[in-house]
Structure formats: structure tokens, C-alpha cells
Amino acid sequence: MDILAHTLWAGVGAAWLALRRRDVTRRTVAATMALAALPDVIQMLPVLAWWAVGGGTWDAVQAFAIAMPGQEPVMPGWVTVWSHTIHCIAHSAVIVAGVTLVLWAWRRTLWLPLLGWWSHIVIDVFTHSADYYASPVLYPVTERGFDGIAWITPWFIALNYLALAMAGVALLVSARRRSGSGAVRPPDGPKRSST
């Protein structure tokens, strides 16, 4: 799936959770959205480094960002290897499970923004085909991915953004109903009449 859609789906999910849990703040929602975009962003780092200090061109960076399989720009071997390796690491459920367990052991609770990273991986499993950058969800065990629907298929893009719009509207309606449903009772019980 494209970076914008990953970010928006994570934002809708985190905002929905924020309506139901007081401990989910705007900062948590923003961090969840950032982690949903991160796997696709960090694989660009070697390409950007090549552009910044190694003789690459901005045109090559742009071409890499929107490349179709087999149409990637010609880049030095180290750029290709590092970008591919980072892509595999960032899209691996094995890796994110390890990170989740380490953070769980340290914090003694689930760090909610990790749900953004998890959502990215789960969505990519089903929205990348064998012909369009299959997501290596089991890396480093294997680099093979599953054969899903390529998110770049025009009807799928339209359906995805329609579903996002509907989810966004449902979230807004739910938020308005909650805020307009009346006063929240104080923690010490129901309000007493002054009479």
C-alpha cells in the first residue's frame, strides 16, 4: 500500500482507540501514524545517502520512490543491497515481533504506537502481489512474500481511499456522538442536586 494510505489507516485506527481509552493521546496517535509510514520511508535512506554524498542524482531518488518492479534506477551495489535489506527488516513480522517483545519486557505493557508498524506489515501482506514487491513478512527466515492484490491496481486504489473516507466519516460521527452525549460523570459518583 502507498505511504499515505498506511499513515491514514493507522491514524483512523489509533483515533478510534483514543475514543475508547483515555490513555491514548494525540501524541500516541501521531507516533502510531509515524510508525505506520516508517517501513517505506527508511528504505529510502541508502538512496538518499547516495544522492547526498555519493554522486547520486535527485532524479534517481525520485525514480526509486515510484519505481515499478524491474524499472528501478541503476544504482551502486551498496545502495541496492542496503535499501533491499532495510526493506526486508522493516517489513518483517519476525523483526517487529522481536521489537514488540523487547519493549513489552522493558515497559511491562504494549507500546501502542507499535500497532502502526504492525498495521503496515499486515496490510502489505495482502496489498502486494508476487509481481509487485511481495512483502517479506517472514524475513530473515525467507525473503519470499505472499501473492496478494497489488495496491497500485487502479480499482483497488479507488476502493481503498473510498473505504478510508468512509472510516473517517464513521470516526467523526462517533466522536461527535461521544462529545455530544452529555456530561461525563465525575469519578466520585453521580451529581447531586443542590436542593
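Helices (H or I, at least four residues) and strands (E, at least two) are DSSP runs, numbered from the N terminus. This is a predicted model, so local features need a pLDDT of at least 70 and side-chain atom pairs count only at pLDDT 80 or more, while totals for chains, interfaces and linings use all residues. Residues are numbered from 1 along each chain as its sequence is written, and side-chain values use heavy atoms, with hydrogens and water left out.

Start with the overall build. The chain has eight helices and zero strands, and reading from the N terminus the elements go α-α-α-α-α-α-α-α. The radius of gyration is 21 Å, well over the 16 Å that the globule rule gives for 195 residues, so the chain is more spread out than a compact globule. That radius is taken over C-alpha atoms, and the globule rule is 2.2 Å times the number of residues to the power 0.38. Taken along the principal axes, the box filled by the C-alpha atoms is roughly 80 × 40 × 35 Å.

How much of the chain is tucked away? Of the 195 residues, 36% count as buried. Here buried means under 20% relative accessible area, exposed means over 50%, and partly exposed is in between (1.4 Å probe, protein chains only). On the outside, the chain exposes about 12,300 Å², and 67% of that comes from carbon and sulfur atoms. These areas come from the Shrake-Rupley method with a 1.4 Å probe, and for residues only the protein chains shown count as cover.

Contacts (heavy atoms within 4.5 Å) come next. Take those between residues at least 6 apart in sequence: 62% of them join residues at least 24 apart. As for charge, the chain carries 14 positive and 10 negative side chains, and the centres of the two sets sit 26 Å apart. Lys and Arg count as positive and Asp and Glu as negative, with His and the chain ends not counted. Each charge is placed at NZ of Lys, CZ of Arg, CG of Asp or CD of Glu.

How confident is the predictor? The pLDDT (the predictor's confidence in each residue, from 0 to 100) averages 89 over the chain, and 92% of the residues score at least 70. Over residues 182–195, though, pLDDT stays under 50, and for this stretch the model has two contacts beyond four places in sequence.

Now for some individual residues, beginning with helix H2 (residues 26–42), where Ala-36 is found. Ala-36 is buried, with a relative accessible area of 0%. Not counting residues up to four places away in sequence, Ala-36 touches His-6, Thr-7, Ala-10, Gly-116, Trp-117, Ser-119 and His-120. Tyr-161 is 125 residues away from Ala-36 along the chain, yet their C-alpha atoms are separated by 16 Å.

His-87 belongs to helix H5 (residues 77–90). Is His-87 buried or exposed? With a relative accessible area of 15%, His-87 is buried. Leaving aside neighbours within four places in sequence, His-87 is in contact with Gln-43 and Pro-136.

Gly-98 has its place in helix H6 (residues 93–107) and counts as partly exposed at 30% relative accessibility. Its C-alpha atom is 15 Å from that of Gly-116, which is 18 residues away along the chain. Over in helix H8, Ala-163 also counts as partly exposed, at 30% relative accessibility. The C-alpha atoms of Ala-163 and Val-141 are 34 Å apart, with their positions 22 residues apart along the chain.

The loops hold some backbone oddities. Most residues other than glycine have a negative phi, and most peptide bonds are trans. Arg-108, in the loop between H6 and H7, has a positive phi of about 65° although it is not a glycine. Arg-108 counts as exposed, at 68% relative accessibility. Tyr-133 sits in the loop between H7 and H8 and has a positive phi of about 50°. Tyr-133 is partly exposed, with a relative accessible area of 30%.

Which residues does a cis peptide bond join? The pair is Tyr-139 and Pro-140, with omega about 10°. Pro-140 is found in the loop between helix H7 (114–127) and helix H8 (154–180). Tyr-132 is in the loop between H7 and H8 too, and is buried, with a relative accessible area of 8%. Apart from neighbours within four places in sequence, Tyr-132 is in contact with Ala-67, Met-68, Pro-69, Ala-150, Trp-151 and Ile-152.
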